[in-house]
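Q: Could you take me through this structure step by step? I would like to ask short questions as we go.

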Amino acid sequence: MMKINRKIALGFAGLLALLAFYVNQPVSAQGSSKELIGAGATFPYPLYSKMFDAYHKGKGVQVNYQSIGSGGGIKQLENKTVDFGASDAPLSDEELKAMPGQVIHIPTCLGAVMITYNIPGNPKLKLTSDVIADIFLGKITKWNDKRLTSLNPTAKLPDLAITVIHRSDGSGTTYVFSDYLSKVSNIWKTKPGTGKALDWPAGIGAKGNEGVGGMVKQTPGSIGYVELAYVIQNNISAATVKNKSGNFIEASLKSISASAAVKLPADLRVSLTNTDAKDGYPITSFTYILLYEKQNYGDRTMEKAKGTVELVTWMITKGQQFAEPLLYAPLPKEAAAAANSRLKLVNFNGKPLM
Amino acid sequence: MQLQVQQTRIIRRLKIREALFHKTLSLSAIILIILLFCMFLTLLVSSLPSIKALGLKFIYGNTWDPVSGEFGALSFLVGTLLTSLLALLISTPFSLTIGLFLGEYYPKGWFSALLKNAVELLAGIPSVIYGFWGIYFIVPIVRSLEMKLGAPPIGVGIFTASLVLSIMIIPFSASLIRLVISMVPVTLKEAAYSLGATRFEVIRYIIIPYIRSGLSAGILLALGRALGETMAVTMLIGNTQALPHSLFATGDTMASVIANQFTEATGKVYFSALIEIGLFLFVVTTIINIIGRNIIKRFES
């Protein structure tokens with residue numbers, strides 16, 4: 001009996017030690033610059049994990065990135081439990097004000113939202129902004145609607161009901177898409193508006209890019225919106241979209257990068273949708289890394305702050321080579337330069353970190 | 001003398017051990033109650049901002065618009081109750097027949113063991129797998145049915161979700177029904193047989209009346225399970241935030257709207273409104289569970 005008791009006690013002690021170790025871990029991470037913690041957007045996760053893997057191999061710094069969603073990333077940064085956050089949409093003025101310190105936005109790459117559809121015969125489709133808005137508002141309900149046939153005179157468009165498929169989960173993809181529609185349609189702007197989740201006037205919801213892509217692939221007569229990577233990987237049709245300058249643009253890494261060739265505001269918080277760029281695809285956005293301008297908060301060390309800035313600098317320079325193979329559009333030169341000068345503001349007790 | 005001292009020592013040690021054992025058991029029981037209470041409290045406190053901002057409109061409102069900050073959960077409540085009740089309606093005849101077959105006709109033997117295990121295995125399948133199976137197997141069938149009926153051929157919706165949900169909840173009611181059927185006293189059944197009753201008559205006039213409350217308890221347990229089911233329903237219901245106007249219409253449930261929107265919910269009232277849906281669901285399932293327990297208790301006494 002005593003023996004068993006001792007064994008149990010030993011087990012408990014072991015468990016306690018393990019627990020203490022586990023609890024202690026983030027604390028020790030606070031001090032070391034060999035390990036950085038980030039959290040946020042799911043969209044750039046495949047790119048970030050590739051980047052961080054390469055960074056670990058090259059510089060010996062381990063980066064632990066949790067893709068819990070932009071909302072979660074912002075919350076973690078607000079609570080100062082991570083070294084950097086990540087978000088697809090820039091923080092709004094209100095959100096910025098609610099943060100405990102000045103937050104810097106650093107774009108790392110670009111993403112695009114593509115209009116994908118399932119029409120028997122698989123014709124190539126050209127769309128304009130007002131037609132896209134009216135389809136998703138539920139005003140154009142048939143594929144052989146006059147406005148669609150006059151845009152696509154050569155395509156065979158059937159007498160088939162349009163089924164709109166949108167995201168059911170809150171997502172940056174929906175944010176970018178609704179931001180675009182709000183810019184091009186006044187009706188859309190008042191209702192449903194711009195957001196990560198909307199009160200949709202038409203259609204059915206599916207979870208995630210893969211959910212929307214899968215549902216479009218399955219449902220004849222459907223139309224949906226997904227990230228570029230899902231169109232290429234699933235080999236589904238996507239429409240060319242007329243941009244502000246009047247050119248029909250096919251979404252490609254080149255035309256997505258081109259959309260950022262515009263004058264950027266000083267703080268880099270910008271919506272790229274409906275871009276002025278001539279060759280730019282109109283439904284694109286930056287995805288951002290977020291970090292505090294004043295890095296000397298909590299019990300952060302100078303070393304740690306420096307490690308964070310070095311990592312982000314690397315991401316917008318050498319790290320960019322990993323974007324294209326993974327179907328992310330790299331930053332155009334001007335944007336990378338703007339981001340770099342923005343990073344120079346980041347300081348520790350007034351001392352610049354790069 | 002020495003023997004007596006030793007005896008009392010042993011008895012004292014045993015008593016201490018007994019008390020210690022008793023305390024450990026009651027402690028774990030109490031911790032569970034505290035945990036449940038704390039969960040309720042957390043939900044309540046976290047949903048205070050939305051309770052204050054929205055009031056009763058949260059329950060009767062029909063618009064869920066995170067952009068304008070209008071949150072009404074009525075369509076989710078209707079979607080949840082509709083899919084759950086429909087699933088119950090579809091599954092109950094199957095659970096009853098499975099229960100009768102296993103409890104009355106073949107209580108022993110390899111085939112009944114196989115069937116019993118198969119039914120219980122249904123409960124162990126992760127719900128995301130039911131969702132996948134629904135998308136690739138049930139949805140095309142429902143879609144062709146919709147085309148024949150002239151409904152829009154979407155495939156997903158209230159009907160599809162209820163159909164898959166009904167399969168998911170069969171094991172819960174079937175196991176309980178089988179159990180109560182096997183508890184029907186043999187003397188009662190034999191008395192009926194001796195009076196010349198047929199097997200069907202025994203089931204109709206002896207077994208069914210005897211297990212009535214156990215039957216309802218099984219159905220209520222299955223209902224509780226259906227109310228909280230999230231993943232499979234989210235994948236199959238279409239996630240439309242509107243009151244469903246037909247059986248094939250798309251809808252949304254309380255659990256799936258939480259799963260869908262929680263990760264990206266920014267804004268105080270939005271976040272807290274989602275938690276209030278959780279609170280709402282908690283209360284509804286608790287009430288149903290309490291009713292179920294009471295019925296079981298009546299059956300046992």
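A: The conversation below goes through the contacts, the domains and some local features of this model.

Q: What should I know before we start?
A: This is a predicted model, in which local features need pLDDT of at least 70 and side-chain atom pairs count only at pLDDT 80 or more, while totals for chains, interfaces and linings use all residues. Residues are numbered from 1 along each chain as its sequence is written, chains are lettered from A and ligands numbered from 1 in the order in which they are written, and side-chain values use heavy atoms, with hydrogens and water left out.

Q: How many residues does each chain give to the contact?
A: Chain A gives 32 residues and chain B gives 29 residues. Contact means heavy atoms within 4.5 Å.

Q: And what area is buried between chain A and chain B?
A: About 2100 Å² is buried there, and carbon and sulfur atoms give 50% of that area. Buried area is the accessible area (1.4 Å probe) that two parts lose on being put together, summed over both.

Q: How many salt bridges are there across that interface?
A: The rule finds 2 salt bridges between chain A and chain B. A salt bridge is a side-chain nitrogen of Lys or Arg within 4 Å of a carboxyl oxygen of Asp or Glu. One of them joins the side chains of Lys196(A) and Glu264(B), at 3.3 Å from N to O.

Q: How many residue pairs are in polar contact there?
A: Between chain A and chain B, 10 residue pairs are in polar contact, with both residues at pLDDT 80 or more. A polar contact is a pair of N or O atoms within 3.5 Å; within protein, one must be able to donate a hydrogen and the other to accept it, and residues adjacent in sequence count only if both atoms are side-chain atoms.

Q: Which elements of chain A supply at least two residues to the side that touches chain B?
A: They are α3 (70–78), β6 (163–167), β7 (204–206) and α9 (208–218) of chain A. The most comes from α3(A), with 4 residues. Helices (H or I, at least four residues) and strands (E, at least two) are DSSP runs, numbered from the N terminus.

Q: How do the residues on that side of chain A divide?
A: The side of chain A that touches chain B has 9 nonpolar, 16 polar and 7 charged residues. Here Ala, Val, Leu, Ile, Met, Phe, Trp, Tyr, Cys and Pro count as nonpolar, Asp, Glu, Lys and Arg as charged, and the others, Gly among them, as polar.

Q: Let us move on to domains. Where are the domains of chain A?
A: Domain 1 of chain A covers 31–111 + 285–352, and domain 2 covers 112–258. Such bounds come from an automatic or database domain assignment. The centres of the two domains of chain A, taken over C-alpha atoms, are 31 Å apart.

Q: What do those two domains share?
A: Domain 1 of chain A brings 14 residues to the contact and domain 2 of chain A brings 13 residues. They bury about 1100 Å² between them, with carbon and sulfur atoms giving 69%. On the domain 1 side, Ala89(A), Gly111(A) and Leu327(A) lose the most area to domain 2 of chain A, together 42% of what that side buries. The count between these domains is 0 salt bridges.

Q: And how is chain B divided?
A: Chain B has domain 1 (2–54) and domain 2 (58–300), and their C-alpha centres lie 34 Å apart. The contact takes 11 residues from domain 1 of chain B and 13 residues from domain 2 of chain B. These two domains bury about 1000 Å², 80% of it on carbon and sulfur atoms.

Q: New topic: what is the strand order in the open sheet of 3 strands in chain A?
A: The order is β5-β9-β10, with mixed pairing. Because β5 (126–127) and β10 (248–249) of chain A each have a single partner strand, they stand at the edges, and one side of each is left without a neighbour in the sheet. Two strands pair if DSSP finds at least two bridges between them.

Q: In what sense do β9(A) and β10(A) pair?
A: Strand β9 (residues 240–242) of chain A and β10(A) pair in the antiparallel sense over 2 bridges. Within this sheet, Lys242(A) stands opposite Phe248(A) in β10(A).

Q: Which residues does the cis peptide bond join?
A: It joins Lys191(A) and Pro192(A), with omega about 10°. Pro192(A) lies in the loop between α8 (186–190) and β7 of chain A.
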